Amino acid sequence: MTSQPSPTGGDADARMWSRLTALHAHVESRLATALQRRHGLGLSEYRALGLLAEAPKGELRMQDLAAGLGLNQSSVTRLVARLHAADFTYRDSCPDDKRGVYTVITATGRARHEEARTTYRETLTASLDEAAADTADIAAVLTAARGALA
């Protein structure tokens, strides 16, 4: 599959990408701060609990959790250790493959994720709205993205 070059060119794409990565960094920072202050959760912890809460039986293999979070195996192992220490998850062995390990969300983990969900959503919307108010081209991108997903 070949693609056609962008009509805007490399410089415009580089500027657009720079703005989008700055927007991403701003939003991620706001989310991380709000979740930590209000719920004692890191952003990766919140997202891990969300993936587990949505998974069948509330469990995922470690490698599936890592893939869903975009983390390497070492990072997800440390993350799961923190979740386990907080009683948000527990480990379970895979009945089909004794080498496989599942991470399973607990009732405490589900409750913490549910408590934090409103904070996450409100902070996300506020951060995006602030960015849109500050920069017209970001406002246009966000309007188009929100419209495409509505």
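Helices and strands here are DSSP runs, numbered from the N terminus. With those labels in hand, let's walk through this predicted model, starting at a pocket.

The largest pocket holds about 170 Å³ of space. Which helices each supply at least two residues of its lining? They are H2 and H5. Helix H2 covers residues 43-54, while H5 spans residues 107-134. H2 gives the largest share of the lining, with 5 residues. If you would like to find the pocket on screen, select Tyr46, Arg47, Gly50, Leu51, Glu54, His113, Arg117, Tyr120 and Arg121, which line it. By character, the lining residues divide into 3 nonpolar, 2 polar and 4 charged.

While you are looking at H5, pause at Ala111, which is found in that helix. Ala111 counts as partly exposed, at 36% relative accessibility. Its C-alpha atom is separated by 9.9 Å from that of Ala53, although the two residues are 58 apart along the chain.

From here, let's turn to the sheet. As a reminder, strands of a sheet pair through backbone hydrogen bonds, either parallel or antiparallel. In this model, 3 strands form an open sheet in the order S1-S3-S2, and the pairing is antiparallel. Strand S1 (59-61) and strand S2 (89-93) each have a single partner strand and stand at the edges, so one side of each is left without a neighbour in the sheet. From one strand to the next, the twist averages 30°.

Strand S3 takes in residues 101-105, and 5 bridges join S2 to it. Two of the pairs are easy to pick out: Arg91 has Thr103 as its bridge partner in S3, and Tyr90 has Val104. Towards S1, 3 bridges make the join to S3, and here Leu60 stands opposite Thr103.

How many of the 5 residues of S3 are buried? The count is 4, so S3 is largely enclosed by the rest of the structure. Thr103, found in this strand, is a good place to see that. Thr103 has a relative accessible area of 0%, so it is buried, the cut-off being under 20%. Leaving aside neighbours within four places in sequence, Thr103 is in contact with Leu52, Gly58, Glu59, Leu60, Met62, Leu65, Val80, Thr89 and Tyr90.

Now bring the helices back in. Helix H2, which we met at the pocket, lies across S1, S2 and S3, and runs at about 95° to S3. Helix H3 (residues 62-69) also packs on the sheet, where it touches S1 and S3, and its direction makes about 95° with that of S1.

Finally, two loops deserve a look at their backbone. Most residues other than glycine have a negative phi, and most peptide bonds are trans. Lys57 has a positive phi of about 60° although it is not a glycine. You will find Lys57 in the loop between H2 and S1. Is Lys57 buried or exposed? It counts as exposed, at 74% relative accessibility.

The second residue to check is Asp87, with a positive phi of about 65°, although it is not a glycine. Asp87 has its place in the loop between helix H4 (73-85) and S2. With a relative accessible area of 43%, Asp87 is partly exposed.

Conventions: Residues numbered from 1 in each chain as written. Predicted model: local features only at pLDDT ≥ 70, side-chain atom pairs only at ≥ 80, totals over all residues. Heavy atoms only, no water. Pairing = 2+ DSSP bridges. Axes fitted to C-alpha atoms, helices over the stretch in contact; angles between N-to-C directions. Contact = heavy atoms within 4.5 Å. Buried < 20%, exposed > 50% of the residue type's maximum accessible area, 1.4 Å probe, protein only. 1 Å grid on protein atoms, 1.4 Å probe; cavity = no way out; pocket = protein on both sides within 12 Å on 5 of 7 lines; lining within 4 Å. Points joined across faces, edges and corners; volume = space filled by probe spheres on them. Nonpolar A, V, L, I, M, F, W, Y, C, P; charged D, E, K, R; others polar.
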